Amino acid sequence: MGHDAQKPQPERDQTDESLRVERKKSDQALAEQRLVIQETADLLVERAREHADAVMDTARDKADQKLVDAGAGVRGREAVAAARELEDQVLDEERTTADAILDRERMEQARTLAALLPLEREKTDRYLLTERVRSDDALAHRDDFMGMVSHDLRNLLSAIVLHSGVVAKTASDSDEGRRTVAGMTRIQRYVARMNRLIGDLVDVVSLDAGKLAVTPTPGDAATLHTEAMEAFADAAAEKGLILECTCAEPSLLASFDHERMLQVLANLIANALKFTPRGGRIIISGERAGGRIHLCVEDNGMGIPGQMLEAVFERFWQVGKNDQRGFGLGLYISRCIVEAHGGKIWAESTLGERSTFHLTFPGAVPPGA
């Protein structure tokens, strides 16, 4: 039964969740801002009224003093008090009316904003949906284009391998013939690297689409070591490296996608070949540990800084800005494949001494396999 190697959470789900969170935050911030504005406005009105009342009280006190100085009678002062009471009543009514008008305006503004905000968000959602449709179309065209180009490139590479093989077979036993055979061997090795790079690019496209299929079947993980050793023996010899296999058990039965897991092991060995100097050693090992298969690729190369041990599995990661030894896709694809098996891959290193890449995956074999 096949499985698809997908990211833990699709980018669109993350985008939608981020949008929901940001909208909730903006709603809360808007409500808090409106509340602060209203409280500030109410405070300013209250202070203005208190100031007006204080000025009016001072003016009345002065007027009362003038009445006393002028010898006004009781009736006169009572008439002034009655007039003032009427004025205060009218002022209270005007203030109450003003407060009611302000409350209505605030409620109307809130209703208007509540009506406009969904419309604006609906417009944003429509724009986002349109952009996603365009993105889907662009990705579909890209995938089709990548499929056609990779197919044509692989046909051309196959033709190069075929013709280089013919040239090597027909070469003479002279020194020139031996140089020809060596040159054809290098061409075939370069073609193999180009073919792996094309495969990596196609796999990245499949990962983006969530369609990198893995199909676990019962098999022997120990055979991965043998096949990987055979595939890289010439490359290791040319670079003056020792390639060893130290399997703890003769057989490591499990259920896994043989081709995909061989691709992972090949990526790890190819990575070790890149960064191990001439005369170095690369050791491939395997064992069964706690019901899981544990494979390792160890080298005594330049090592990896501790802060980079996780970054090496990211897409397009490279040692340096000007590093030309690949596009940094192999380890990223390897992680996706291992995780699709329900496994784990990680790196350990001592800078300047060695690096070890570990991968584990379930070692159970279905009954009757």
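Select E108 and R111 to begin: both residues lie in helix α2, three residues apart, which is about one turn of the helix. The model on the screen is a predicted one. The side chains of E108 and R111 meet in a salt bridge, with 2.6 Å from N to O. Side chains of opposite charge can pair when their charged atoms come close. With a relative accessible area of 42%, E108 is partly exposed, and R111 is partly exposed as well, at 47%.

**The whole chain**

Zoom out and display the whole chain as a cartoon. Six helices and nine strands can be traced in the chain. Of its 369 residues, 27% are buried. The accessible surface of the chain amounts to about 23,300 Å², and carbon and sulfur atoms account for 58% of that surface. Consider also the contacts between residues at least 6 apart in sequence: 77% of them join residues at least 24 apart.

**A salt bridge between two helices**

Next, select R60 and D88. Their side chains meet in a salt bridge, at 3.0 Å from N to O. R60 belongs to helix α1 (residues 11-70) and D88 to helix α2 (residues 74-170), so this pair ties together parts that are 28 residues apart in sequence. Is R60 buried or exposed? R60 has a relative accessibility of 13% and therefore counts as buried, the cut-off for this class being under 20%. D88, at 27% relative accessibility, counts as partly exposed.

**The five-stranded sheet**

Now colour strands β4, β6, β7, β8 and β9. They form an open sheet with mixed pairing, in the order β4-β6-β7-β9-β8. Why do β4 and β8 each have one side without a neighbour in the sheet? β4 (242-247) and β8 (344-350) stand at the edges with a single partner strand each, so one side of each is left free of a neighbour in the sheet. On average, neighbouring strands of this sheet are turned by 15° against each other, with direction ignored.

Follow the pairings across the sheet, beginning with β8 and β9.

- Strands β8 and β9 (residues 354-362) pair in the antiparallel sense over seven bridges. Select K344 to find its bridge partner in β9, T360. Select A347 as well, which stands opposite F357 in β9.
- Three residues lie between the strands in the hairpin of β8 and β9, where G352 takes a positive phi near 85°.
- β7 and β9 are paired in the antiparallel sense over eight bridges. Here H294 stands opposite T360 in β9.
- β6 and β7 run antiparallel and are joined by eight bridges. R288 stands opposite I293 in β7.
- The hairpin of β6 and β7 has two residues between the strands, and G290 in the turn has a positive phi of about 55°.

Pause at β7, which is mostly covered, as six of its eight residues are buried. In a regular strand the side chains alternate between the two faces of the sheet.

**A salt bridge across the sheet**

Show the side chains of E244 and R281. They meet in a salt bridge at 2.0 Å, N to O. E244 is in strand β4 and R281 in strand β6, so the pair links distant parts of the chain, 37 residues apart. E244 counts as partly exposed at 25% relative accessibility, and R281 counts as partly exposed at 34%. In total, the structure holds 17 salt bridges.

**Helices on the sheet and the core**

Return to the sheet and add helix α5 (residues 258-275). This helix packs on the sheet and touches β4, β6, β7, β8 and β9. The direction of α5 makes about 175° with that of β9.

Which residues of the largest nonpolar core touch the most other members? They are I269, L359 and F361, in a core of 46 residues. The largest share of this core, 10 residues, comes from α5.

Finally, select F361 and display its surroundings. Residues up to four places away in sequence are not counted here; among those that F361 touches are A221, F256, M261, I293 and L295. R292, H341 and G343 are also in contact with F361.

Note on methods
Residues are numbered from 1 along each chain as its sequence is written. This is a predicted model: local features need pLDDT of at least 70, side-chain atom pairs count only at pLDDT 80 or more; totals for chains, interfaces and linings use all residues. Side-chain values use heavy atoms; hydrogens and water are left out. Helices (H or I, at least four residues) and strands (E, at least two) are DSSP runs, numbered from the N terminus. Buried means under 20% relative accessible area, exposed over 50%, partly exposed in between (1.4 Å probe, protein chains only). Contact means heavy atoms within 4.5 Å. Accessible areas come from the Shrake-Rupley method with a 1.4 Å probe; for residues, only the protein chains shown count as cover. Two strands pair if DSSP finds at least two bridges between them. Axes are lines fitted to C-alpha atoms, for helices over the stretch in contact, and angles run from 0 to 180 degrees between N-to-C directions. A nonpolar core is a set of buried Ala, Val, Leu, Ile, Met, Phe, Trp, Tyr and Cys residues joined through side-chain atoms within 4.5 Å. A salt bridge is a side-chain nitrogen of Lys or Arg within 4 Å of a carboxyl oxygen of Asp or Glu.
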